[in-house]
Amino acid sequence: MTVKQLSVFIENRRGRLGEVLHFLKENKVSILSMSLADTSEFGLLRLIVNDPEKGSKVLNEAGFASTVTDVIIIKLPHIAGALQEILELISKNDIDIEYAYGLSVEAEDATIVVKTSQIDKACQTLKDNGIGTMSPKELEAL
Amino acid sequence: MIWSKNETLSREEIEAIQLERLQETVHRVYEKVAPYRKKMDEAGVKPEDIKSLKDLAKLPFVTKQDLRDNYPYGLFAVPTDELLRIHASSGTTGKPTVVGYTKGDMDVWTECVSRIACAGGAKSTDFAQICFGYGMFTGALGLHYGLENIGATIIPSSTGNSEKQLMYMKDFGTTLLVATPSYALRLAEVANEIGIDPKKDLKVKIGLVGSELLTDAMRDEMHRYWGDDMLITSNYGMSELMGPGVSGECEYLNGMHINEDFFIPEIIDPETGEVLPEGEKGELVITCIKKEALPLIRYRTRDITRLMYEPCQCGRTTCRMENLQGRSDDMLKIRGVNVFPGQIEEVVLSVEGLGPHYEIVVERDGYSDKLTIRVELAKATDSFKELEKIEKEIRNKLRVVLGLDAKIKLESPNTLARFEGKAKRIRDLRKGV
């Protein structure tokens, strides 16, 4: 199962991240997790939010370049080596991961956000191996 | 069709006419126009010193400032009662530039525009809709008289009210459009909005565009809207020289043919004023050799181009000037390379994923110049790869076009300044900081 992630392009300029967060707050879009990757000139802010479509709309209206992307949120038990096992499974099936970051929620399982260009194959592989992914509904309930 | 046999003379014949007319003009202005006499005396040159066309380089330049300093009629070579018409440039800073025409000047103007209209494919059977503003601006009336002279039917619709323009176009059967390239595109956009497909529903097959730069990207865009079979030619002129009619493209689209029996072109280095060898790029300087009221000598146009003397396939033997690259006022010298914003603009427009706005920043970095191009992302992405691809594409293209390495700065949409009038896209931080 896939969920929608909000991605925002931001220049490396003082206060720019704060501006993004300001617009999200003003429009009651709440953030469940975030990752910020950057080069020397710009960064990509990736957010798991309660309403990604709305978040993207308000940011684009405010002059940001934002988009909504499909990602997978994998559930994994709090056991040492659990993540490694899943990654090995993914890689054995010739699926490349573009990036990954943790989703911090208080639950029984740990969760990790994964982006891959072979998203359908990844979902199927996880499902076939009995590994849980988070649905949009579950996400909304958080 | 070639309108005049003077467009197909041999080089010797053209030069003979030019020398005779040049000598006559120089004698006349020295005698009748005090500011010219003063300039020539200061430069130590007398009318008798002009023995060959090469001697033209001895004469001092005339600039827009000279026209302002002698506002309104100080550079005129005829008594004002011989004037038939006055035009003026908009004059964004200070007083407008005033130009005047005698009966003879009007005839020359009409002749020149008739030639460039024919070069651009106009025929006596055409219905020509003139979407230039009628008034003090020379564009509309210049094209009007020239096209009327070749027997075309004129629809003097002027500018504005695009929907009505399109109604005229459709109902009156317009076949030829006179407009700026940007207005031609705007008209096509409005046409699409109101359900008219210019390709199918209109009969416009000829576009005579002018008074703005026509880049290849713009011409392609025009073809996309108006159809591939439309012949779109650009033409050149400025009110100080006469108005439209100085030069224009033919159907082979390889430069604008200059009416050389009326205008002598030169290319100079805009910084030193030196005349450059044939084929080199620089500032266009024009000498009017058959004008009565305002015969400007070595007028600095500020436009950057290159001259080509090889004969054209169309049969015309006149010198051609390359489509304009920009204004010398806008030229930047970066690490010794001449850079025109127009070159950078073409690159920016050609890269997918970017908006049309950009800013050029030049800084001093130690002993070297640093060039940064700020551009806006038009489309959001979640991928660094895509962003890097855009950066790399602009950098590579700029290296090919300019031979310079530039730093590319991607920005969010709506970050760069927007302009209603003339855009200011250059920040040169090297001076006076």
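Start with A:S7 in chain A: its bridge partner in β4(A) is A:T67. The model on screen is a predicted one.

**Chain A**

Widen the selection to the two strands that hold this pair. Strand β1 of chain A covers residues 2-11, and strand β4 of chain A covers residues 65-76. The two pair in the antiparallel sense, over eight bridges.

Keep β4(A) selected and add strand β6 of chain A, residues 110-116. These strands also run antiparallel, and five bridges join them. To find one of the paired positions, pick A:I74, whose bridge partner in β6(A) is A:I112.

Now colour the whole of chain A by secondary structure. Five helices and six strands should appear. Followed from the N terminus, the order of elements is β-α-β-β-α-β-α-β-β-α-α. Chain A has 142 residues, and 27% of them are buried. For contacts between residues at least 6 apart in the sequence of chain A, 66% link residues at least 24 apart.

**From chain A to chain B**

Show both chains and select the residues in contact between them. Twelve residues of chain A meet twelve residues of chain B. On the chain B side, strand β19, residues 407-411, supplies the largest share, with three residues. By class, that side of chain B consists of five nonpolar, four polar and three charged residues.

**The sheet that contains β19(B)**

Stay on β19 and bring up the other strands of its sheet in chain B. This is an open sheet of four strands, ordered β19-β18-β17-β20, and its pairing is mixed. Look at the two ends: β19 and β20 (426-428) of chain B each have a single partner strand, so one side of each has no neighbour in the sheet. Averaged over the sheet and with direction ignored, neighbouring strands are turned by 20 degrees against each other.

Next select strand β18 of chain B, residues 368-377. Its pairing with β19(B) is parallel and spans five bridges. A place to centre the view is B:T372, which stands opposite B:K407 in β19(B).

**Helices across the sheet**

Add helix α10 of chain B, residues 341-350. This helix lies across β17 (354-365), β18 and β20 of chain B, and runs at about 135 degrees to β17(B).

Then add helix α11 of chain B, residues 384-402. The strands it lies across are β17, β18 and β19 of chain B, and its angle to β19(B) is about 140 degrees.

**A helix pair elsewhere in the chain B sequence**

Hide the sheet and select helix α6 (residues 162-172) and helix α7 (residues 181-193) of chain B. How far apart are the axes of these two helices, and at what angle do they pack? The axes are 9 Å apart and the angle is about 85 degrees. Because angles of 65 to 115 degrees count as roughly perpendicular, α6(B) is described as roughly perpendicular to α7(B).

Display the side chains at this contact. From α6(B) come B:S162, B:E163, B:Q165 and B:L166, and from α7(B) come B:R186, B:L187, B:V190 and B:A191. Sorted by class, the contact has four nonpolar, two polar and two charged residues.

**Chain B as a whole**

Finish by showing all of chain B, which contains eleven helices and 20 strands. Of its 433 residues, 42% count as buried. Among contacts in chain B between residues at least 6 apart in sequence, 66% connect residues at least 24 apart.

Note on methods: Residues are numbered from 1 along each chain as its sequence is written. Chains are lettered from A and ligands numbered from 1 in the order in which they are written. This is a predicted model: local features need pLDDT of at least 70, side-chain atom pairs count only at pLDDT 80 or more; totals for chains, interfaces and linings use all residues. Two residues are in contact if their C-beta atoms, placed from the backbone, lie within 7 Å. Ala, Val, Leu, Ile, Met, Phe, Trp, Tyr, Cys and Pro count as nonpolar, Asp, Glu, Lys and Arg as charged, and the others, Gly among them, as polar. Two strands pair if DSSP finds at least two bridges between them. Axes are lines fitted to C-alpha atoms, for helices over the stretch in contact, and angles run from 0 to 180 degrees between N-to-C directions. Angles under 35 degrees count as roughly parallel, over 145 as roughly antiparallel, 65 to 115 as roughly perpendicular and the rest as oblique. A residue is buried if 20 or more other C-beta atoms lie within 10 Å of its own, exposed if 12 or fewer, and partly exposed in between; C-beta atoms are placed from the backbone.
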